[in-house]
Amino acid sequence: MRLSWNTRISFGVGHFLNDLTASMWFTYLLVYLQFVLCFDTGVSGFVLLVGQVTDAIATPLLGYETDSSHHLGICKKYGRRKVLYLFGVSCVLFSFPFIFIQCPGCSNSSQWAMVVYLVPLVVIFQTGWAAVQVSHLALIPVITDDSSERDFLNVIRNAFDAVADFSVFTIAWIIFVTTVNGPTDALSIAEDDKTKFMIIVMTIICIGFSTCVIFYLGVKEVTPVQSSTTSIVQRRTLNNRKIFKEKEFYKIAVIYTTARLFQNFNLVFIPLYLQESLGATQDFIAKIPLLIHVAGFASSFITRYLMKFCGKKLSLIFGAVIGTGGCTWIYFGEGPSFCSQYIYVVAILLGIGSSILVVTSLALIPDFIGLDTDIGTFVYGVISFFDKLANGIGILIIQYLHDIMCDKCDWFYRHIMSIGVGSIGVAMVLMILLEIKLIHRENTCRKRFIAENKLKNEFVNNKSEIQPLLRENGMTHFALHSSEC
């Protein structure tokens, strides 16, 4: 079924609120906690870890529930995915702003008292974020059964993700530049910048809320009764337990998690590197992350052709080499010329490398899922679990090491951005070079797709009963009887 442009655009902005808050969360949370609220680096890492663990646990659970056929009466009327979406949006709207807005009367509160205040807000926010993510992804196969339309919805979704990142850093840059009170205020982030963060977060919340309204009014979820005749042979061929028995699942999970580590560590620690190691001004702390995302957005269009002509393995290696090159430059870069000129080139390299790694590794997941769309959301949820948990634990360890190894030193985050993040890129190259059967299941799924399409055509033409198929390549294939249509 071909979708109207109104539906396409409405769906594309449906995840915009999540994308805005994610950019703010990964890039500015630690900066805000450490330099505005004056938290210890270890405590700041703990707050971020709580959010990542909450997201990691909530995503597969909500994914499993979304894939389940059991739902409440209100879900039958409005659609269970849109009801879950509304729940998630409500959680995000009523929790995220207060993470970056100091509570009244809390100015003299102790650090741990503020942590007790923040943790429930973080848990609510990340639960809502996971609900929006899962419900939005689960709507793709529901609102259209056309494979090209589904691919195009993913493209639009990723495009608006890049627009969201661009919007956050543009807003931050404008706020930091236009609200300067004297020459000293343009320097590094400090306690007096609470109001600036409040303005930034309230601006992105208002924009995100308006896009949620557009999505909710513009996208209609097809109810189970309406969609019962839209598919003939697409039925579950794997169940939730069987995916854990397939080696390819773990390979893809490790590759995707490594790619996300490379990207998120860049986003989280580049502001701290600029702040502590380079002593950059506030506008740099907005401009450099902005340039990273602009470079990533531009390279995402190239990645499609890179995967087509070079394959996914070479694309991953190419992205890892470019990103590691940027990390190496950080290790050797010093002096006024690096801080004022070459840091921009480094940002471009990091943005291109991160984008290629994430886009390519994300493209491996549909290859694994194949036609098993009934468990697609659960697969995304479980892989996301590994990603969020690894990121949270990694960031916490780095922050505690900062407490132990140095106090306001200029070398720590430079080494994290160069040796730490660069090592992740090297590990990616080694994994790909040692793994020679990465696309084994991709080929299997392609063959199965051709076979099941042939069965579908035979069923439509002959309208005869189709017998169950034999077990092949470790996966059970099911066919339908005419009474199921």
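1. Ile 393, Ile 397, Leu 401, Ile 404 and Met 405 make up a nonpolar surface patch with a combined accessible area of about 480 Å². Patch members have over 30% relative accessible area and no salt bridge, with nonpolar side chains (Val, Leu, Ile, Met, Phe, Trp, Tyr) joined within 5 Å; a salt bridge is a side-chain nitrogen of Lys or Arg within 4 Å of a carboxyl oxygen of Asp or Glu. Accessible areas are from the Shrake-Rupley method with a 1.4 Å probe, and for residues only the protein chains shown count as cover.

2. The model is predicted: local features need pLDDT of at least 70 and side-chain atom pairs pLDDT 80 or more, while totals for chains, interfaces and linings use all residues. Residues are numbered from 1 along each chain as its sequence is written, and side-chain values use heavy atoms, without hydrogens or water.

3. Within the patch, Ile 404 belongs to helix 15 (residues 376-405). Ile 404 counts as exposed because its relative accessibility is 68%; exposed means over 50% relative accessible area, buried under 20% and partly exposed in between (1.4 Å probe, protein chains only).

4. The protein has 17 helices and 0 strands, taken as DSSP runs numbered from the N terminus (helices H or I, at least four residues; strands E, at least two). Of its 485 residues, 54% are buried. The accessible surface of the protein is about 21600 Å², with 66% belonging to carbon and sulfur atoms.

5. Contact means heavy atoms within 4.5 Å. Among contacts between residues at least 6 apart in sequence, 84% join residues at least 24 apart.

6. The largest nonpolar core (buried Ala, Val, Leu, Ile, Met, Phe, Trp, Tyr and Cys joined through side-chain atoms within 4.5 Å) holds 121 residues, and Met 24, Phe 96 and Tyr 273 are among those with the most contacts inside it. Helix 11 (residues 247-277) supplies the largest share of this core, 16 residues. Another core, of 6 residues, lies apart from it and includes Ala 58, Leu 62, Ala 131 and Val 134.

7. Beyond its neighbours within four places in sequence, Met 24 contacts Leu 29, Phe 96, Phe 100, Val 168, Phe 197, Ile 200 and Ile 204.

8. Ser 277 also lies in helix 11 and counts as buried, because its relative accessibility is 16%. Its side chain reaches the backbone oxygen of Asp 410 at 2.9 Å, and a polar atom of that side chain lies 3.4 Å from the backbone nitrogen of Arg 414. Leaving out residues up to four places away in sequence, Ser 277 touches Leu 272, Asp 410, Tyr 413 and Arg 414.

Notes. Patch = residues over 30% accessible without salt bridge, like charges linked within 9 Å, V, L, I, M, F, W, Y side chains within 5 Å. Polar contact = N/O pair within 3.5 Å; in protein donor to acceptor, adjacent residues only side chain to side chain.
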